[in-house]
Amino acid sequence: MKAVRFALRSFGRELRSGEVLVLLAAVGLAVAALTAVGFLTDRIGKAVARQANEVLAADLRLRSQSPVPDEWRALAAEYELQTADTLSFPSVVFRGDDNALSTIKVVSELYPLRGAVRVSDELFGEQREVDGIPAAGEVWADGALLARVGANVGDVLEIGELQLTVSAVLTYRPDQSIGFASLAPTVILNIADIDSSGLIGEGSRVRYALLVAGDESNVAAFNEEIQGILPDEIRVRSQEESSERAYNAADRAQRFLSLTAVISLLLSAVAVAMSARRFAQRRMDTVALMKSLGATQGFVITVSLVQLMLLGVLGVAAGSITGYVAEELLASVLSDLLAGSLPGTGLRPVILASGSALVLMLGFALPAMIQLRNTPPLRVLRHDEMPPAPSRLLVAGLSLAAVAALLYRSVGDARMLLILIGGIIVIAGALYLVGRALVAVIGRARSGVGVAWRYGLANVARRGRDSAVQVVAFGLGITVLLLLTIVRTDLLEGWRASLDENAPNHFLINIQPHEVDAVGALFAQNDIEVPTFTPLVRARMTTINDESVKEREYPNRDGEWLANREANLSWSAELSASNDIVEGTWWALDYAGPPLASIEEEAAMNAGLMIGDRLNFTVAGRDVEAEIASIRKVNWDSFQPNFFIVLSPGALDGMPTTFISSLRIPDEKQPMLIDLMRAHPSISVIDLGAILQQVRGIIEKASLAVQAVFLFTLAAGIAVLFAAVQSTIDERRFESAMLRALGARRRTVFAGVMAEFAALGAAAGVLASAGASVLAALVAVQLFDLPYEFNPVIWLAGVGAGILVVCVSGFFAARGAVNARPVDVLRGAPA
Amino acid sequence: MPDRPVSNVLEAHQLSKEVSSPEGALTILKQVSFTIAAGETVAVVGPSGAGKSTLLALLAGLDLPTRGHVNLNGANLSDLDEDGRALVRAESVGFVFQSFHLVPSLNALENVMLPLELAGHDDARRAAREIIDKVGLADRWSHYPAQLSGGEKQRVAIARAFATEPAVLFADEPTGNLDSRTGENIMELMFELNRNSSTTLVLVTHDNGLAARCERVLALDAGGLVSDTRAAA
Ligand SMILES: Nc1ncnc2c1ncn2[C@@H]1O[C@H](COP(=O)(O)OP(=O)(O)OP(=O)(O)O)[C@@H](O)[C@H]1O
Ligand SMILES: [Mg+2]
């Protein structure tokens with residue numbers, strides 16, 4: 001109690017003296033970086049999730065074969081949620097003698113609740129987002145439909161008993177499916193028209209849906225409540241279960257940001273540890289004095305801990321305000337770039353950052369404080385008496401526990417956590433060993449150099465263990481900065497490469513075998529590269545190793561679903577460019593033996609399939625047996641036609657086959673699609689442009705966020721370097737004063753200090769480059785499923801950055817020490 | 001406080017101190033024994049490296065002897081752990097150091113308050129103000145160590161040492177960093193404060209004049225006690 005009172009009372013004096021500012025700054029910076037990263041991650045995460053929600057056009061969708069009863073609408077209203085109704089069914093649309101099968105989408109006032117519908121005022125005209133829905137008596141119709149019936153904006157279409165005017169060309173609706181389910185072009189009409197259409201009657205295949213959206217927690221609560229009581233015929237779908245692709249991208253973006261947050265966190269940890277060490281060192285004399293005056297160990301540690309906590313509180317307060325303000329600025333800059341504001345966040349990031357700061361301080365500052373407690377009182381008489389170093393086990397245990405606790409929240413899965421922590425330990429260990437080796441080498445090297453270098457290098461050697469520790473610290477700082485740079489550029493490049501400007505923007509499906517040549521010729525006529533036509537055979541799997549697919553046990557429900565649904569099979573002599581064999585071998589180009597199959601990796605895992613398993617299919621009443629020869633990894637983002645199951649050539653000969661294709665049609669050539677659709681009315685053309693735009697949007701957002709967050713990480717890294725140099729500043733002041741008293745010129749002393757920093761920086765840079773390359777490869781392969789390419793520039797950058805950053809911050813940090821008047825320093829020993 | 005009055009406030013029994021050095025174990029204090037009665041003023045003299053500071057550290061319980069033991073105000077320091085020795089110091093020991101050892105982040109008054117607060121005094125501030133007045137720094141109490149001269153710093157240190165009215169006051173070359181005039185003034189102050197309290201004074205010094213003003217002189221050489229002289233008076 002006495003100690004707490006004393007700590008509180010003397011805290012003001014400590015603050016006034018400015019001695020604790022280094023630690024305060026480290027904690028403040030850590031919290032600022034974490035808060036800003038946290039806020040940004042949260043916001044971007046929400047923005048990305050919202051984008052994924054567009055796939056449903058809502059946060060939640062209740063779907064049924066009959067109208068969704070009003071009670072659910074009322075319940076949603078109780079949760080202050082918005083609702084909209086949709087009906088969809090296939091119907092034939094007429095214009096004069098022409099007609100085409102369409103998907104009729106009937107919508108009510110607020111549709112879509114998430115995302116926006118885009119239209120253009122003429123076929124292949126400029127797209128724009130619209131608010132609201134078509135007026136009663138009007139429709140928005142898909143360009144493909146208009147092309148097929150030879151209509152344009154302003155014309156009248158007949159749908160059932162209705163005569164409806166086309167008021168715009170529908171180019172995008174958020175809930176358009178990417179899969180093969182909705183092939184027919186869409187017409188959107190107002191729900192007010194539906195009663196008089198005569199289309200809804202006995203036997204019509206209408207799907208009703210109630211869309212629900214609103215505040216995140218309300219949606220969750222509503223979803224919770226309806227889970228148990230919803231009748232079987234109504235099925236709920238939330239965003240996580242919707243579009244695979246958008247969700248994948250969102251998931252990656254989240255991980256990407258989390259990784260950045262992790263890196264800021266590690267840097268902060270290093271900065272806190274170093275400044276805590278200095279904090280403890282500066283207090284050592286005072287602690288020895290207090291002990292000689294009768295202070296007990298308990299008193300000393302209580303005072304230190306209470307003051308540490310007070311510093312933490314101050315740091316957290318200053319840091320979260322700074323972080324919050326910085327993030328607000330960033331977010332406003334970002335939302336300009338992103339068109340549309342980012343959703344706001346609650347106070348959660350502040351709370352998380354404060355919690356993290358607390359864990360950081362416990363894990364990284366506590367050992368220094370514990371050491372302080374053991375300061376021998378004899379130090380008042382013999383200044384070189386030091387407390388015994390804190391137990392390595394304790395230091396390692398505390399800091400690893402803290403890192404694991406903090407990382408687990410960001411990384412979220414144990415395997416990744418182990419990889420990261422393993423990488424950190426390996427690098428730190430390697431850095432330390434090589435740091436020690438370097439110290440030894442430098443000790444020998446110094447006989448051959450001039451006086452300044454000799455002094456600098458001798459310093460590195462003399463500080464032995466300390467130098468090695470500094471190399472580790474610098475090295476770690478540079479490692480994470482490098483890693484971030486690699487991850488940011490390499491991985492973003494990886495993404496962009498898989499989704500570049502030349503990615504296909506149209507899918508053609510349902511091409512009959514006899515149409516293939518004519519379609520190819522049409523493209524050739526229009527100077528469009530003739531795409532590959534991939535065969536597709538619809539089949540049903542019957543048995544796996546002679547066991548019925550219905551009775552078989554599967555590792556999970558996705559696998560069961562895969563085995564039981566209608567399967568799209570293809571065959572090919574060559575492996576598609578977007579595929580990689582992960583197990584087994586692909587068949588030879590001229591293979592003509594019994595049918596073989598190649599299975600997509602994840603599908604194989606879900607269905608529990610292995611190389612050598614025999615699969616039986618029925619196709620149009622005939623049986624095909626194929627043995628699994630290989631397992632493939634598929635890059636689904638490539639927008640190439642891809643299949644879970646591909647068979648060897650000849651296996652499906654004579655079976656009913658259609659062809660599919662994907663290709664890029666430049667904007668200005670898109671009108672040729674009208675000719676295509678008129679000449680081959682059964683071919684479906686799917687415009688991927690809008691979907692591509694959606695995926696790109698997500699990636700752009702993620703990369704912008706990462707670059708912004710990078711700034712904070714950079715700041716945290718520089719803080720580490722400053723803390724490291726600061727921790728030797730007293731010694732340096734004294735030495736420099738002594739050398740100058742002995743007649744050394746200031747320039748010579750300075751050159752010596754710079755030589756020391758350059759040696760430290762180069763060593764740290766070499767090690768950081770090695771470490772960062774290894775870590776980046778691990779992260780790319782394990783976390784992002786992207787191939788990693790070795791980049792030698794990293795080594796140049798690493799060593800260069802090491803020397804530059806250490807020398808520059810060393811310059812600023814050590815300038816005061818070198819410039820101090822010798823007489824002040826030498827006289828002013830302990831006060 | 002011990003419950004029986006003790007006449008000998010300090011007893012050194014066969015004190016030896018060995019330290020390890022690159023050349024093996026080194027004995028820096030050899031079987032030193034003596035007793036000091038309450039209220040005595042004792043000078044410890046000897047050439048540099050004789051072991052004076054080492055002896056002082058053992059007497060004050062800042063360090064433990066390799067062999068032998070110290071009784072300080074009735075407590076055997078070797079029987080106590082570090083916290084126990086700290087409590088003994090809080091109760092009955094004051095220090096004045098050659099290089100002052102003021103806490104740079106505390107002003108003069110706060111430095112003097114420090115041992116009072118550690119000993120749990122109720123009104124540390126008032127007691128500290130009183131003693132600061134006595135050492136002649138009434139108008140400088142709010143100054144920080146960096147703003148004080150060497151002599152002034154040592155006055156603050158002396159005020160701090162006497163603030164708790166300790167049974168024993170140890171001083172290790174208190175004038176070593178001061179010019180001779182200032183040093184004399186400082187010593188004058190110490191002896192005066194000592195006269196007005198019943199404090200025992202143990203003073204390490206190189207200054208023969210100073211040693212002569214003490215009632216008793218212990219001479220050390222090469223770690224051994226070579227003479228123990230009492231002033232004729
Ligand atoms: N921890 C230690 N390790 C090694 N040697 C030590 C240690 N402590 C003291 N010594 C040595 O013991 C001897 C006595 O030291 P001490 O500081 O007691 O001398 P002193 O009489 O106070 O000298 P001075 O008048 O110079 O202050 C010295 O030679 C010193 O180097
Ligand atoms: Mg000495």
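I count Ala, Val, Leu, Ile, Met, Phe, Trp, Tyr, Cys and Pro as nonpolar, Asp, Glu, Lys and Arg as charged, and the others, Gly among them, as polar. The model I am reading is predicted.

**Ligand 1, surroundings**

With those classes I sorted the shell around ligand 1, and I get three nonpolar, six polar and four charged residues. I placed ligand 1 between chains A and B. I listed 13 residues around the ligand, and the nearest of them are B:Ser48, B:Gly49, B:Lys52, B:Ser53 and B:Thr54. I then asked which element gives the largest share of this shell. I find that helix H1 of chain B, residues 52–59, does so with three residues.

**Ligand 1, polar contacts**

I looked up three atom pairs. From B:Ser48, a polar side-chain atom is 2.4 Å from an oxygen atom of ligand 1. From B:Ala50, I noted a polar backbone atom at 3.2 Å from an oxygen atom of the ligand. On the chain A side, I found a polar side-chain atom of A:Arg382 at 3.2 Å from a nitrogen atom of ligand 1. I also checked cover: ligand 1 on its own has 630 Å² of accessible area, and the protein covers 68% of this.

**Nonpolar patch, chain A**

I turned to the surface and found a nonpolar patch formed by A:Phe722, A:Leu804, A:Val808, A:Phe811 and A:Phe812. Together they have about 440 Å² of accessible area. Helix H20 of chain A, residues 793–819, supplies the largest share, four residues.

I took A:Val808, which lies in helix H20, and asked whether this residue is buried, partly exposed or exposed. I class A:Val808 as partly exposed because its relative accessibility is 42%, and that class runs between 20% and 50%.

Conventions: Residues numbered from 1 in each chain as written. Chains lettered and ligands numbered in written order. Predicted model: local features only at pLDDT ≥ 70, side-chain atom pairs only at ≥ 80, totals over all residues. Heavy atoms only, no water. Patch = residues over 30% accessible without salt bridge, like charges linked within 9 Å, V, L, I, M, F, W, Y side chains within 5 Å. Areas by Shrake-Rupley, 256 points an atom, 1.4 Å probe, with all protein chains shown as cover. Salt bridge = Lys/Arg side-chain N within 4 Å of Asp/Glu carboxyl O. Helix = DSSP H or I, 4+ residues; strand = E, 2+ residues; numbered from the N terminus. Buried < 20%, exposed > 50% of the residue type's maximum accessible area, 1.4 Å probe, protein only. Near = heavy atom within 4 Å. Polar contact = N/O pair within 3.5 Å; in protein donor to acceptor, adjacent residues only side chain to side chain.
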